[in-house]
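Biologist: I'd like to learn how to read a fold step by step. Could you walk me through this one with me looking on?

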Amino acid sequence: MLSIRRRLASFALAIVSVGLLVFHSKDDGASGRSLASIQKITEGLTGLVRPTPIVPEHQDWVVAKSLFPLPASTAPQEAEWEIERREALAQVLYCSRRSCPRKYRSAVLCAAGRFRWALDGTFERPSAFANGEAILAKSFMWALKSLGYPFIYIDESHKRSRKDAVQLTAKIYRLFPDSVKLVIYDYLGEPDCLADADCFYNVDTNPSGMPLWKMFIWDAMGGFAPYELPYRGPWHLSGIPVPPATFLGITLEDDCKQLPFVPQTKRSHQAYVLGKSQRYFNATRTAWTADDFAALKKETGLSLISGVKVDGREDKTELPSAIDNMGVSTRTEFLERISMSKVMIGIGGPTESPSPFEALCMGASFINPGRPRFNASWYQFEQGEDQRGWSAQHSLLLQFGEPYVYNILRGNRTQLISAVQRSLARPLTSPFLPPMLTNAGVLARVIEVMETDWQRRHIVEDAKYQAEQLVFSAQV
């Protein structure tokens with residue numbers, strides 16, 4: 001019996017090897033596009049996509065309005081995204097039985113609660129920016145709209161719980177299962193669907209349910225949940241490049257154009273200290289002490305400002321006396337503050353925030369504190385050392401050098417003062433935005449997601465996993 005199981009396992013692995021070879025040969029070609037080709041493909045695309053007008057029939061509107069009812073005459077006016085959602089649903093329903101452009105058969109359903117942050121006026125309300133996940137969701141929705149893919153957001157609200165949103169998503173999916181490309185949940189919503197007999201696909205009891213290969217996790221930082229199958233990494237849509245998650249990233253191109261570039265000679269002699277919460281200044285987390293900031297202020301003459309939400313609920317750490325806390329702001333006010341600053345100083349957190357990129361596109365260099373991952377107490381930094389393997393506040397910025405980013409050892413006051421002095425001596429003369437954060441970069445990555453054959457990939461990955469399980473069981 002054991003030899004038979006081993007032969008079955010070997011046979012399964014052989015099939016998978018062929019499948020992986022075919023799959024990756026296609027995938028590698030697609031993912032190997034140069035920046036020049038990406039820009040050529042997407043140049044001028046924003047605002048130029050003019051999909052064929054789709055006019056749903058009466059029956060389509062009846063269904064759409066039953067699922068997303070019109071507000072009462074006495075209720076507040078609907079947001080634009082709510083109107084667009086109802087229209088998108090009616091259009092996809094119409095196109096599920098009619099001849100329409102193929103993108104109407106690649107709709108995206110989304111029940112990830114954090115998308116609400118990009119739709120509920122977050123950017124116009126005072127906050128301790130940056131709200132990275134809102135910017136990520138905003139970038140993704142912008143790309144889908146620019147490319148002409150229907151997007152239907154099923155939100156949680158005072159009338160709709162998370163489980164209600166999951167069930168409504170399943171109900172909408174069953175209306176046109178062949179017209180849905182992605183169904184996006186978060187770590188809370190996906191388990192709800194998997195446990196719901198009316199949501200998740202089952203060949204016997206729910207053949208019209210959602211198959212696993214269409215279900216994606218909205219995952220800003222590329223994490224992994226204990227309940228997930230080990231090969232599900234690519235089904236995570238992430239804001240940062242953390243393989244095997246699928247990197248979506250953000251675009252800041254249009255945001256950078258909102259405000260004019262301020263020459264260094266017209267800026268205040270100030271530095272913006274990035275630390276949106278009191279907890280980031282806690283001695284157990286911060287890269288710099290109060291004495292470090294006092295010494296920096298004395299040596300450079302800079303005013304140090306920050307935008308920290310102080311409420312004492314999460315952490316009661318007091319801010320260093322050398323820093324003037326300007327408090328929370330709208331996103332535009334935040335951008336104005338950093339556009340008038342000469343440098344932004346990281347303190348160790350928040351990690352992977354969009355704020356340093358926003359500073360760079362506003363013309364302010366970023367001080368990026370970090371350290372080698374082995375963190376040996378005897379370690380001595382050498383000038384010119386390759387720091388790309390460091391653990392830093394912003395790992396994506398480790399690839400960039402001066403005068404844009406100053407990657408320095410956290411806790412080293414001498415390096416902090418020296419880096420700030422060098423940034424003042426060599427100011428940026430124009431906005432800097434890495435290609436990955438441009439409109440073209442995001443559009444190219446979203447195109448990859450929407451053109452990938454996820455069913456085929458799931459079959460290959462699942463077969464590989466099952467074969468590995470056979471091998472393991474044969475060895476036990």
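Biologist: How many disulfides does the count come to?

Modeller: Keep in mind that this is a predicted model. A disulfide is a covalent bond between the sulfur atoms of two cysteines. With a cut-off of 2.5 Å between the sulfur atoms, the count here comes to three disulfides.

Biologist: Which pattern do the disulfides follow when the bonded cysteines are counted along the chain?

Modeller: The pattern is 1-2, 3-4, 5-6. Cys95 bonds to Cys100, with the sulfur atoms 2.2 Å apart. Next comes Cys193 with Cys199, at 2.0 Å. Cys256 and Cys361 make up a further pair, at 2.1 Å.

Biologist: What is the handedness of the link between Cys193 and Cys199?

Modeller: Look at the torsion about the S-S bond. For Cys193 and Cys199 it is about -95 degrees, so this disulfide is left-handed. The link of Cys95 and Cys100 has -85 degrees about its S-S bond and is left-handed too. For Cys256 and Cys361 the torsion is about -95 degrees, and therefore that disulfide is also left-handed.

Biologist: Which parts of the chain does the pair of Cys256 and Cys361 link?

Modeller: Distant ones: Cys256 sits in helix α8 (residues 253-256) and Cys361 in helix α11 (residues 355-361), 105 residues apart.

Biologist: Are Cys256 and Cys361 buried or exposed?

Modeller: Both are buried, and so are Cys193 and Cys199. Cys95 counts as buried because its relative accessibility is 1%, where the cut-off is under 20%.

Biologist: Now the sheet. What is the order of its strands?

Modeller: To read a sheet, follow the pairing from one edge to the other. This open sheet of six strands runs β2-β1-β3-β4-β5-β6, with parallel pairing. Its edge strands are β2 (151-153) and β6 (246-247), each pairing on one side only. Further in, β3 (residues 180-185) and β4 (residues 215-218) pair in the parallel sense over three bridges. There, Tyr185 stands opposite Ile217 in β4.

Biologist: Which helix lies across β1 and β3?

Modeller: That is α6 (residues 162-175), running at about 175 degrees to β3.

Biologist: How far apart are the end C-alpha atoms of helix α14?

Modeller: Compare the expected span with the model. At 1.5 Å a residue, the 22 residues of α14 (residues 454-475) should span 32 Å, and the end C-alpha atoms are 31 Å apart, which agrees. At its N-terminal end, Asp453 acts as a cap: a side-chain oxygen lies 3.4 Å from the backbone nitrogen of Gln455. Among the buried residues of α14 are Trp454, Arg457 and Tyr465.

Technical notes:
Residues are numbered from 1 along each chain as its sequence is written. This is a predicted model: local features need pLDDT of at least 70, side-chain atom pairs count only at pLDDT 80 or more; totals for chains, interfaces and linings use all residues. Side-chain values use heavy atoms; hydrogens and water are left out. Two strands pair if DSSP finds at least two bridges between them. Helices (H or I, at least four residues) and strands (E, at least two) are DSSP runs, numbered from the N terminus. Contact means heavy atoms within 4.5 Å. Axes are lines fitted to C-alpha atoms, for helices over the stretch in contact, and angles run from 0 to 180 degrees between N-to-C directions. The expected span of a helix is 1.5 Å times one less than its number of residues. Buried means under 20% relative accessible area, exposed over 50%, partly exposed in between (1.4 Å probe, protein chains only). A polar contact is a pair of N or O atoms within 3.5 Å; within protein, one must be able to donate a hydrogen and the other to accept it, and residues adjacent in sequence count only if both atoms are side-chain atoms.
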